[in-house]
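Student: I have just opened this one and don't know where to start. Could you walk me through it?
Tutor: Gladly; let us have it in front of us first.
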Amino acid sequence: MHEWALAESVIKSSIAAAEKENLKKITEINIRLGELQQIANDIFKFALNELVETYSDKFQDVKINIETEETELQCKQCNHTWQFKDMKNKLSADEAEAIHFIPEVAFVHTRCPKCGSPDFLIVKGRGVSVSSIKGIKE
Ligand SMILES: [Zn+2]
């Protein structure tokens, strides 16, 4: 049900954005999907397509693009920012895999590469958002 809730929020925010821009029909939705977001892509895509059918008066041959947002971390101590992919190189394959599927594990294995602090924030790479939409005005 998680995927359905996310898909619904994507569709609803797209419709809201289209109304704001006076677009009659949405023709393209660009979605940013966080690398650490745990989601079943096939269910998510299926849910999006089903919801497009549900609100078919708002869409016209809509193209849905999903791009992956790379994870970015920020140290709370020294404000250094780094990317998850830099960190992945330093981990064993097993750890990298575990982190990919269980984001919380990232907190256990990760230290700031600059000052060594284990206290950091995940600033990018979580969640799902609509980065842009295209549509037609009538
Ligand atoms: Zn640091």
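Tutor: Keep in mind that this is a predicted model. A good starting point is strand 3, residues 72-75, which is joined to strand 5 by 4 bridges, the two strands running antiparallel.

Student: Okay, and which residue stands opposite L121 in strand 5?
Tutor: That is Q74, which faces L121 across the pairing.

Student: What order do the strands of that sheet come in?
Tutor: The sheet is an open one of 3 strands, arranged 4-3-5, and the pairing is antiparallel. Strand 4 (81-83) and strand 5 (120-124) each have a single partner strand, so they stand at the edges and one side of each is left without a neighbour in the sheet. On average, and ignoring direction, neighbouring strands here are turned by 30 degrees against each other.

Student: Switching topic: which residues touch the most other members in the largest nonpolar core?
Tutor: They are A7, V10, I26, I29 and L48, in a core that counts 17 residues. Two or more residues each come from helix 1 (2-20), strand 1 (25-34), helix 2 (41-54), strand 2 (59-69) and strand 6 (128-136).

Student: And which element gives the most?
Tutor: Helix 1 does, with 5 residues.

Student: Then what is A7 in contact with, leaving aside its neighbours within four places in sequence?
Tutor: With that restriction, A7 has contacts to F44, A47, L48 and L51.

Student: What lies apart from that core?
Tutor: Another core, of 5 residues, lies apart from the largest one, and its members include L73, C75, F84 and F120.

Note on methods:
Residues are numbered from 1 along each chain as its sequence is written. This is a predicted model: local features need pLDDT of at least 70, side-chain atom pairs count only at pLDDT 80 or more; totals for chains, interfaces and linings use all residues. Two strands pair if DSSP finds at least two bridges between them. Axes are lines fitted to C-alpha atoms, for helices over the stretch in contact, and angles run from 0 to 180 degrees between N-to-C directions. A nonpolar core is a set of buried Ala, Val, Leu, Ile, Met, Phe, Trp, Tyr and Cys residues joined through C-beta atoms within 7 Å. A residue is buried if 20 or more other C-beta atoms lie within 10 Å of its own, exposed if 12 or fewer, and partly exposed in between; C-beta atoms are placed from the backbone. Two residues are in contact if their C-beta atoms, placed from the backbone, lie within 7 Å.
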